[in-house]
Protein chains: 4
Amino acid sequence: MTSFETRVFRLSMAGPSDVSPLSQLFDAGQLEPAHVVAVIGKTEGNGGVNDFTRGYFTQSLMLLLARQLGITPDEAMLRVPCVLSGGTEGVLSPHMTIFARVPAAQRASAPALAIGIAFADPVPAEAVGRMAQLEVTARAVEVAIGEAGLGVDEVEFVQVKAPGLTSARIQEARERGADVVTADTNRAMALSRSAAALGAALTLGDVSRARLTDSAIGDDMTLFSSRVSVSSGIEITRTEIIAFGNSLRWSGPLRIAHRPMADALDIGAIHATLDELGIPSFPAVAEADRGRIKAVLVKGMPDPKGTIRGFRHTMLDDTDINAQRHIRAALGGVASAIMGDGRIFVSGGAEHQGPDGGGLLAVIAEAR
Amino acid sequence: MTSFETRVFRLSMAGPSDVSPLSQLFDAGQLEPAHVVAVIGKTEGNGGVNDFTRGYFTQSLMLLLARQLGITPDEAMLRVPCVLSGGTEGVLSPHMTIFARVPAAQRASAPALAIGIAFADPVPAEAVGRMAQLEVTARAVEVAIGEAGLGVDEVEFVQVKAPGLTSARIQEARERGADVVTADTNRAMALSRSAAALGAALTLGDVSRARLTDSAIGDDMTLFSSRVSVSSGIEITRTEIIAFGNSLRWSGPLRIAHRPMADALDIGAIHATLDELGIPSFPAVAEADRGRIKAVLVKGMPDPKGTIRGFRHTMLDDTDINAQRHIRAALGGVASAIMGDGRIFVSGGAEHQGPDGGGLLAVIAEAR
Amino acid sequence: MTSFETRVFRLSMAGPSDVSPLSQLFDAGQLEPAHVVAVIGKTEGNGGVNDFTRGYFTQSLMLLLARQLGITPDEAMLRVPCVLSGGTEGVLSPHMTIFARVPAAQRASAPALAIGIAFADPVPAEAVGRMAQLEVTARAVEVAIGEAGLGVDEVEFVQVKAPGLTSARIQEARERGADVVTADTNRAMALSRSAAALGAALTLGDVSRARLTDSAIGDDMTLFSSRVSVSSGIEITRTEIIAFGNSLRWSGPLRIAHRPMADALDIGAIHATLDELGIPSFPAVAEADRGRIKAVLVKGMPDPKGTIRGFRHTMLDDTDINAQRHIRAALGGVASAIMGDGRIFVSGGAEHQGPDGGGLLAVIAEAR
Amino acid sequence: MTSFETRVFRLSMAGPSDVSPLSQLFDAGQLEPAHVVAVIGKTEGNGGVNDFTRGYFTQSLMLLLARQLGITPDEAMLRVPCVLSGGTEGVLSPHMTIFARVPAAQRASAPALAIGIAFADPVPAEAVGRMAQLEVTARAVEVAIGEAGLGVDEVEFVQVKAPGLTSARIQEARERGADVVTADTNRAMALSRSAAALGAALTLGDVSRARLTDSAIGDDMTLFSSRVSVSSGIEITRTEIIAFGNSLRWSGPLRIAHRPMADALDIGAIHATLDELGIPSFPAVAEADRGRIKAVLVKGMPDPKGTIRGFRHTMLDDTDINAQRHIRAALGGVASAIMGDGRIFVSGGAEHQGPDGGGLLAVIAEAR
């Protein structure tokens, strides 16, 4: 029986529409377009409601994939989930990470990186941030895990992209007589992340169904999973799922490890994750080892208490800079410094994703 | 012969006008108002031209000192330099660090933290960013070093606060027929930092006088000192200097150490500085040691090349968030994570302060 | 029986702490410090949660008043309401408007500008945005109207300053076991404005008590008054009221007129208000008439439908610039152009203040 | 001999990639794709260096045109200039204005709207903001005017899109040993606008060649044309020109009129321009006349003196919001209020475009 190997390519981008590094991989024969199963990227917008760099990149990527695969861009979008987080604050560097599934000659002797994907059905504006969105997400996560051939316990990390609301979508719902969860579009992004995170957590067995209600979403932060990261954005209307784990049914040198982060200063979690993968990291990853790291995925949040380890932060009271931009810059600073590389996926709303006030991280690397 | 000891109090602030923690130190008899020689603080404004938190704090502080010392607020301002950097992006926490000089019973057996201060003469708007400002700064740094009783080689760190320009000051100069170095007020802040940094570097012997010209200021980044940090702001018109070093002529358990930072990811410099002071720091400073750290002063800049270690950053192309805010958040993230404390003084314009594209840091702590 | 005259001084400010123009009025004998009854100002902060220009100006003003009146700054704050709106976006110009009540030799033959003030009792964080805040505001407005000697029908305009919430205040309430209306500090500012506006509207008879509930606050925009303008800010904890009207019991050449604005493009309302005061305004107020205008107070909001006259606006979806800043800039543009003067008080959250999606304006001028 | 008529379609957009309204015009047979000669649009980005909405719209538009015309997107870009200004601050509404040239049965009896286009040769990064860019722009403007069949005196308005610089382009130039005019990318946008404006002004005879030098660009504001509007952006590397005038050689009911604006409060210029076109406008354009207006193009700037009519503005000292965003919001507020429509093209850098501190406007409408 054939096995599969997950290959990962982390590519720098010169701008939100710059898919030329991927095009070059195709042209050089290093990657078959048909093997691409998912894309996770960090674009240089504000990461908020009006961040159009996500849509711009998606349009550019799907044009390339469509041309290469002989399908339409719309068909490409239904095939390859593209999870983007806007905002390369501070030292962060815009990049895309391409995940490919290629046939492997033989199974690995150690558990290897597994990947599975799924798309949830679209939800109307009034479902966003509520149980309806949670349920469709939970089902889609189940599909993705199944597609990866993973058991729930083998899942290390689930990346979700969930839809946001715009004023136009809210108005459209209201004209239908439907009631949206909030008219504040930034708040809607947070509630969408919350519902999706709890949906994934439900499937992973990290939260109990009995405690899940509309009012718990975005509110009861004792409910969380440290294996789920959700980004939201207005450029999609259906939820996209990418599930990762390590499995003996997969091949190749890559492995994924994850850790919860207790708070935004939890530098120990970063070092520990690298240690699990056999990568020395004090004071930073050595130049020779940097190439072994294929993806770093970080989730965090401005601590809602307004303090970190007892010291007041000002992220939540800032009317000039959105709190998510603040936290991405800070977490990006520490993760990039250790990795020696600014191409870190840092996403800034960690509701129900890792411990309250903290977050989580996952690293994909050539393990030793 | 009496010796002196430098005492340092790092106090959290609930807002830019919150001087109550200092007032409580006075009331509790833990600090004599007359012993206060300098204040360095981090307020929660934008750190830019229109950051009025610096002025608001200064007014609040000087009202308190004046009341305690039986002098006027204007007299207090002429006595105690107050160097503020606005911007507590990310995990940074607003705080003030109070430096006091108290008589000591006996000299220490090891070199101890020394401090000296000075004020430069006010300069007109047209001097900002030019040799005229550089020269007055150089002389004032000399005075501050002398006041600390330090030799030039014993100086570890010089903190400078330099004046900025507003549209009003520029217009005033133009009406006098004077020509300012730039009409861009953000650029004026950078050039003021540049001139002041080179002035200090000249006195410290870190640059050669022969290479200093108007056009080198803000331009020739091969000229720098790794012992100077400059903040600029529109709330002052004369330059303020605080010089630090370690000396056998001073007493007490505190010592200061500094390092250049090669770039914004130079986490090794932070660990090395702590190591020099005898503070273990992997993966982070242990809770028991955190109290030994009295001040962390970091300078950095968005690398003007537009890349860090070959990876593109987006700080300089961002029209929404000033580049200084980006870099402060990133550097604050890594320094705070190691220290376990967000009360880090991070200042974001490192022209001629440390290597180009990098910066520097200094730590004051109970050494062992 | 003596009568009173309201005198109004509109003074430009060089910065948030610049009270020198008022000091000069005092020194020149043009204004008795004891006659000052209220201040309304526009400072150059962001107008949001972390706008410290309001507090900085208040501190500076109260220091001046205290010195002039021989009282403490705290006593001055309990005597003179100081309603500030941060944010001088676009062509708006920072200024303070000083309202003084001076004895008048004789009554005017026509109704003249009347003014009355009041302070509401402080409310805890959990009252903000709820009926409890509404009720204390309603009572305070009644006091202010009574102090002005006005009947409810004579009231033309009520200016309110209402408290906001910070993360620290929210946390403090939670630690007491109290539940705040929202943990989003920008949202709290909006709900505080809402509760205060409905409180004033209740006293003015513009809304019916039967329809007022916690859930109507900030939600049911069919409830509004076109005679109330509320600013909120974290620098106060008790609500401040300034009531204006025209009355035969008052003297002097000034009069106030107001109009609702149907939407943010309602330029006709501005021209009509000026017309009521006998000031020709097409295409703009003539230079000779500009000095007759003593205060222009505008309230508006980004239309929550997301469109204005059917055309989409982007204010509510902007993660970079707060929607209030957008609308202040736009309304300030049109009002300033007609007046030929950027010293317009434009405040950006018009919940329950004028028609939904619109707002209101009031002008104080020498009428003819 | 055949004549031509200029048709103008102003289309609302639901987002930067929303070209569906144009697609519908094509599908409905109301517009031939081959007749489209130019597009001017207002997208909802920040209007600064990192505004990718301009590129996103351009990509989307060119995909549509290419599909309709049976050419490639790259060929479409070489055929149809697409001048975009980012930033729909305040009440401004995202829209695109499509200009089409269609054969007309007979010449008009009155001068009718004429249009001509041209593309300048690409310039390297080091030419931006200097005489080299000025010269190529001047030549391209000459071509566009000639293509419209206009005499220089018949030209009412020239719209220019000029290239900007990114950190990457600056670095690329430096690596070639070339010296760019500035490393500040926001400043580069201003200097690019300046050089292009003076180039157009030279061709129009509004400035004298003798006074044009590198150092005059962006500096000597006594040099200007009131018939030129320039936007700059990083999404193009060659300058695009659209020239407008009124001519008896053209047909149709449309006409263009323009006026300088003395300052940002010059509301009289707006009313006067509408009056010239026979559109009553006090207090605002009546609903019945709104449809006659096809395009409103406004240029303005934050007055570099820091004051408007003697009153201080704060646009140039704001580190949080770019000054161009401020002025667009203010000018958009007044123009939209008069027009009763937020679909105004307001562009915010008016260097050498209209009087210093002011700007200009042009209106295209069915004249009477």
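These are my notebook entries on a predicted model.

**Ground rules**

I number residues from 1 along each chain as its sequence is written, and I letter chains from A and number ligands from 1 in the order in which they are written. Since the model is predicted, local features need pLDDT of at least 70 and side-chain atom pairs count only at pLDDT 80 or more, while totals for chains, interfaces and linings use all residues; side-chain values use heavy atoms, leaving out hydrogens and water.

**Entry 1: the annotated pair**

I began with the UniProt record, an unreviewed entry, whose "active site" annotation covers K161(A) and S231(A). UniProt positions are in the numbering used here, feature names are shortened, and annotations may be inferred rather than shown by experiment. The two residues are spread over 71 residues of sequence, yet they cluster in space, with a largest C-alpha distance of 4.9 Å.

Next I looked up where they sit. K161(A) is in strand 6 (residues 155-163) of chain A, and S231(A) is in strand 7 (residues 228-233) of chain A. Strands (E, at least two residues) are DSSP runs numbered from the N terminus.

Are they buried or exposed? K161(A) is buried at a relative accessible area of 0%, and S231(A) is buried too, at 4%. Buried means under 20% relative accessible area, exposed over 50%, and partly exposed in between, with a 1.4 Å probe and protein chains only.

I then listed neighbours by contact (heavy atoms within 4.5 Å). Beyond four places in sequence, K161(A) is in contact with residues including R54(A), L84(A), S231(A) and E235(A). With the same sequence neighbours set aside, S231(A) touches, among them, L84(A), K161(A), R193(A) and K299(A). A polar atom of the K161(A) side chain also lies 2.5 Å from the backbone oxygen of L84(A).

**Entry 2: a sheet in chain A**

I followed one sheet in chain A: five strands form an open sheet in the order 3-2-4-1-9, with mixed pairing. Its edge strands are strand 3 (82-86) and strand 9 (250-251), each pairing on one side only. Two strands pair if DSSP finds at least two bridges between them. Strand 2 (residues 36-43) and strand 3 pair in the parallel sense over five bridges, and I40(A) stands opposite V83(A) in strand 3.

**Entry 3: R10 in chain D**

I found R10(D) in strand 1 (residues 3-12) of chain D, buried at 13% relative accessibility. Which backbone oxygens does its side chain reach? The side chain of R10(D) reaches the backbone oxygen of R343(D) at 2.5 Å, and one of its polar atoms lies 3.2 Å from the backbone oxygen of I293(D). Residues touching R10(D) include H95(D), T97(D) and D341(D).

**Entry 4: chains B and C**

I checked how two of the copies relate. A turn of 180 degrees and a shift of 0.0 Å along the axis lay chain B on chain C with an RMSD of 0.0 Å, so the two copies are related as by a two-fold rotation axis. In chain B, the C-alpha nearest the axis belongs to Y56(B), at 2.7 Å. The superposition is by least squares on C-alpha atoms of residues with pLDDT of at least 70 in both. The copies meet through the same surface, because 100% of the interface residues of chain B are also interface residues in chain C.

**Entry 5: cysteines**

Last, I looked for disulfides (pairs of cysteine sulfur atoms within 2.5 Å) and found zero over all chains. C82(B) is buried at 6%, and C82(C) is buried at 4%.

Notes:
Helices (H or I, at least four residues) and strands (E, at least two) are DSSP runs, numbered from the N terminus. A polar contact is a pair of N or O atoms within 3.5 Å; within protein, one must be able to donate a hydrogen and the other to accept it, and residues adjacent in sequence count only if both atoms are side-chain atoms.
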